[in-house]
Amino acid sequence: MSFHTHTHTDYVQDVSPGSGALPPRAWYASSDAKSLSLNGNWRFRLSSTADAEDDSFAAEGYDAGDWAQIAVPGHWVLQGHGSPIYTNHLYPFPVDPPRVPTENPTGDHLRVFDLPAHWPDLAEGGAVLRFDGVESCARVWLNGTDLGEFKGSRLPHEFAVGHLLKAAGNVLAVRVHQWSAGSYLEDQDQWWLPGIFRDVTLLHRPAGAALDFFVHASYDHLAGTGTLRVDSDVDGRVTVSELGIDIATGESVTMPVEAWSAETPRLYEGTLATGGERVPLRIGFRTVDLSDGLIKVNGRPVLFKGVNRHEWHPERGRALDLETMREDVLLMKRHNVNAVRTSHYPPHPAFLDLCDAYGLWVIDECDLETHGFTEQGWRDNPVDDDRWTPALLDRASRMVERDKNHPSVVIWSLGNEAGTGRGLTAMAEWIKDRDSSRPVHYEGDPTCRDTDIYSRMYADHAEVERIGRGLDGGTLKRRQLPFILCEFAHAMGNGPGGLADYQRLFESYDRLQGGFVWEWIDHGIAYPELGFAYGGDFGEELHDGNFVCDGLLFPDRRPSPGFVEYKKVIEPVGITGAFGEATVRITNKQDFADLSALAFSWSYEVDGEPVESGTLAVPGLAPGESADVKLPAPPAGAPAGEAHWTVRAALAADTPWAPKDHVVAWGQIPVSERRVPTVTATARPAVGDNGVITLGPGTFDARTGALTAVGDVPVSGLRLDVWRATTDNDDGAPWQPDLRYGLLWRGLGLHRMRHRLDAVESGEHALTVRMRVAPAARELGLSTVYRWTSDGNRLRLTVSTVPEGDWTVPLPRLGIRFGLSTADGVRWYGGGPGEAYPDTRMASAVGRWQSTVDDLQTPYVRPQENGARIDVRWAELGGLRIEGDPAFSLTARRWTTEQLDAATHLTDLTSGDTVWVNLDHGQHGIGSQSCGPGPLPQYHLRAEPAEFSFVFSTAPAPETS
Ligand code: GAL
């Protein structure tokens with residue numbers, strides 16, 4: 001005989017979204033109705049199962065004096081109770097939906113509060129208790145009364161509590177379970193972080209106040225008029241004083257207005273007055289439509305220059321404060337980003353207010369991902385199982401109702417990586433029925449059955465081009481849809497490479513309406529002993545390592561070189577010109593704004609030194625227009641040398657997101673060629689009887705031919721180098737074995753090359769050292785000749801390499817490395833100021849740059865090759881001056897490549913007593929194959945015969961300040 005006992009935690013494993021909560025409604029930050037934030041310190045008790053403790057703590061009079069304290073909003077695992085877990089798509093528990101493990105960390109939260117003195121008489125309407133986000137399932141009691149329970153972590157839930165409130169001593173008890181049936185719907189690639197991680201607020205609801213309202217503010221671009229109608233469940237009045245609008249709810253009015261766009265985020269302040277409440281409205285007039293197979297706003301096709309934003313803070317996880325949200329928006333705007341996909345859940349609602357105000361296009365994505373079901377061929381996928389449909393519809397409606405009044409939200413997304421199924425169709429149908437004014441997005445269904453946009457992730461350049469040309473096939477419906485890459489350019493570690501090549505495609509084919517880089521920020525967790533922690537650092541039994549650190553920002557929000565590159569690639573103004581030309585081509589790449597916000601300037605530089613500068617008059621260009629603008633005559637009396645024009649477009653005045661003079665776009669136009677260094681080989685190698693050969697300023701070991709000093713600067717270990725500490729992109733993804741260059745390189749032994757000395761030949765005007773550089777166990781190698789010559793003052797090294805054997809893979813790098821006993825300041829003329837590789841070099845400007853060895857390092861959370869400065873004509877460091885023929889790529893660091901390669905966290909890198917310098921003739925491209933395509937063929941460093949030279953001399957060490 002078997003029997004089943006119902007426990008009071010059955011709701012945890014129940015497919016239903018919950019019970020007791022109020023229907024969803026529009027979110028707004030503040031009305032004139034009173035509210036009380038319940039954020040702050042709460043009492044907290046953690047237990048290991050869902051029902052380890054009874055619910056007596058919810059009763060009035062319970063003494064929680066010996067409980068811990070916890071900050072709300074927050075995640076308990078980031079506050080010393082338990083640990084975070086990181087998995088990409090694997091469920092960290094057995095897959096048996098909707099059941100969850102017995103081990104189910106459960107946090108009881110308790111807060112006692114008094115109503116503030118100003119709180120209205122409770123007879124005057126009611127009150128609601130609002131939770132903006134709780135992961136993953138909560139049950140709520142107020143003053144001992146069970147209000148209900150809910151799931152849907154990143155969605156708001158409200159309970160009616162007016163009848164329960166008292167003036168003082170209210171007891172709010174919340175039981176939060178880490179795992180619930182809802183967890184099956186929240187398998188996003190991120191840390192699993194339980195807790196009450198968004199605001200908890202008590203809101204007075206005056207009698208007669210609207211439950212919900214819907215602002216419809218459209219724009220007719222032909223007439224230049226906006227039409228406003230506000231629907232509300234109770235009658236009220238809508239006023240917009242700036243427009244002289246005073247209408248009843250449900251009534252519409254049309255009048256000339258300025259439209260809202262991400263480039264021109266014009267908002268009108270208004271008010272919705274209903275019985276007892278005045279709700280502030282921020283109205284943006286804009287119309288999204290699909291016509292001619294394109295997503296248009298206000299009649300114009302839009303090009304999305306987007307990012308995927310997860311909410312992240314290195315200490316607080318997904319509990320973001322307003323200032324952090326604002327910082328995200330400001331960073332986006334300052335880096336020319338114009339769009340955000342809220343991957344993969346609706347963000348804190350205040351973030352959308354910021355997007356409205358500062359101007360960003362938003363794809364608002366529902367809190368839904370069931371990616372882990374891919375492990376079982378999508379069997380039992382909740383989105384294809386009718387039992388789950390109410391939960392899916394609950395999620396869709398909580399998103400749409402909360403966010404529908406934001407002009408910035410232009411697209412609804414059903415969720416991410418949830419396979420296909422009837423539940424998605426039901427969501428799409430519900431959304432279109434409720435809000436026909438916005439297109440629906442979902443990437444995971446190649447038929448596009450439920451969507452208005454064909455969307456993909458990580459498609460390579462060639463496929464994107466085919467899609468742009470309409471040659472991609474697919475269902476009839478799909479072929480008629482506009483295209484976006486909802487994810488591309490996986491920004492894990494060093495990279496992403498190939499951004500400019502994507503942007504060129506987006507700008508070439510109308511159907512390609514842009515993309516969203518994956519992703520905004522590294523989800524590293526601040527951890528002093530490690531720098532930042534990632535998957536596995538908390539002893540998780542299943543984890544996906546540093547795949548969680550794949551953002552354009554480091555965890556502390558410092559922009560990575562990839563973000564600087566993205567800023568350059570998506571500039572709103574094109575500034576280009578051909579070698580030696582006297583004109584610069586200016587293109588307004590915006591979709592809405594003219595150029596009036598920008599001031600243009602030129603500067604004329606010789607060998608990187610500015611000689612003269614001035615302003616450049618650029619005609620007003622409408623979006624999409626170009627003009628050839630004449631440059632001034634080159635300054636009379638400019639010194640001879642390699643000259644460039646640099647033309648910049650900067651903000652002409654302060655804006656809400658950046659001050660006047662902030663540079664939004666620039667371009668460089670080469671005027672004259674560089675003079676390559678020449679060294680006439682006049683000095684003769686002198687073989688001393690002390691085992692030393694001297695040649696000009698060079699001192700060599702006579703037996704090995706090794707350079708030991710240039711002048712009085714000791715040099716050690718100079719030799720050919722082909723190895724780099726593999727990047728996350730080099731290491732690649734398991735599902736693309738051909739692109740796992742790191743493994744292929746290691747398989748060949750490129751990380752352990754041996755250098756066999758074949759000859760040291762002291763000729764009349766040259767010292768020649770012949771070597772063969774090859775790994776154990778392989779027949780392939782590089783026959784290498786170092787040829788040293790000198791004019792007495794300067795020492796020239798010419799390296800010639802010829803690959804031998806069957807090289808089927810590109811080389812990681814090709815150049816020389818050597819050690820200096822001291823070096824601190826670094827000066828160079830060439831590409832800068834930041835890091836650049838063959839396919840990440842758009843943001844590198846030719847100029848004179850200065851840094852320190854320490855500041856040349858890029859702090860990728862998992863250490864890897866970084867910090868190369870490209871196109872270096874000459875560099876000075878550690879008492880040496882090095883000129884390149886041709887220009888070279890420079891790295892210098894206080895540890896060896898081998899140490900960098902072995903490090904797993906930043907704190908593994910400790911300075912040695914040598915500064916290791918690499919001068920590279922070439923590096924292999926970066927690509928984004930940690931999740932996407934590898935470097936395009938033109939960025940491969942093929943093993944081919946090569947010859948390159950460096951000229952060494954001594955120079956005073958640069959200043960370090
Ligand atoms: C995508 C997914 C993202 C993230 C990314 C890899 O497939 O949608 O959530 O996992 O890959 O970082």
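Visitor: Which residues does UniProt list for "domain: Beta galactosidase small chain/"?
Guide: This is a predicted model, in which local features need pLDDT of at least 70, side-chain atom pairs count only at pLDDT 80 or more, and totals for chains, interfaces and linings use all residues. Residues are numbered from 1 along each chain as its sequence is written, and side-chain values use heavy atoms, with hydrogens and water left out. UniProt positions follow the numbering used here, with shortened feature names, and annotations may be inferred rather than shown by experiment. In an unreviewed entry, UniProt lists this feature at residues 694–953.

Visitor: How many Å separate the centres of domain 1 and domain 2?
Guide: The domain bounds, which come from an automatic or database assignment, place domain 1 at 11–205 and domain 2 at 213–286. Taken over C-alpha atoms, their centres are separated by 35 Å.

Visitor: Which three residues supply 65% of the area that domain 1 buries against domain 2?
Guide: Buried area is the accessible area (1.4 Å probe) that two parts lose on being put together, summed over both. Domain 1 and domain 2 bury about 500 Å² between them, with 50% of it on carbon and sulfur atoms. On the side of domain 1, the 65% share, more than any other three residues supply, comes from Ala26, Tyr28 and Asp32.

Visitor: Which residue forms a salt bridge with Glu277?
Guide: A salt bridge needs a side-chain nitrogen of Lys or Arg within 4 Å of a carboxyl oxygen of Asp or Glu, and the count between domain 1 and domain 2 is one. With the closest N and O atoms 3.0 Å apart, the partner of Glu277 is Arg205.
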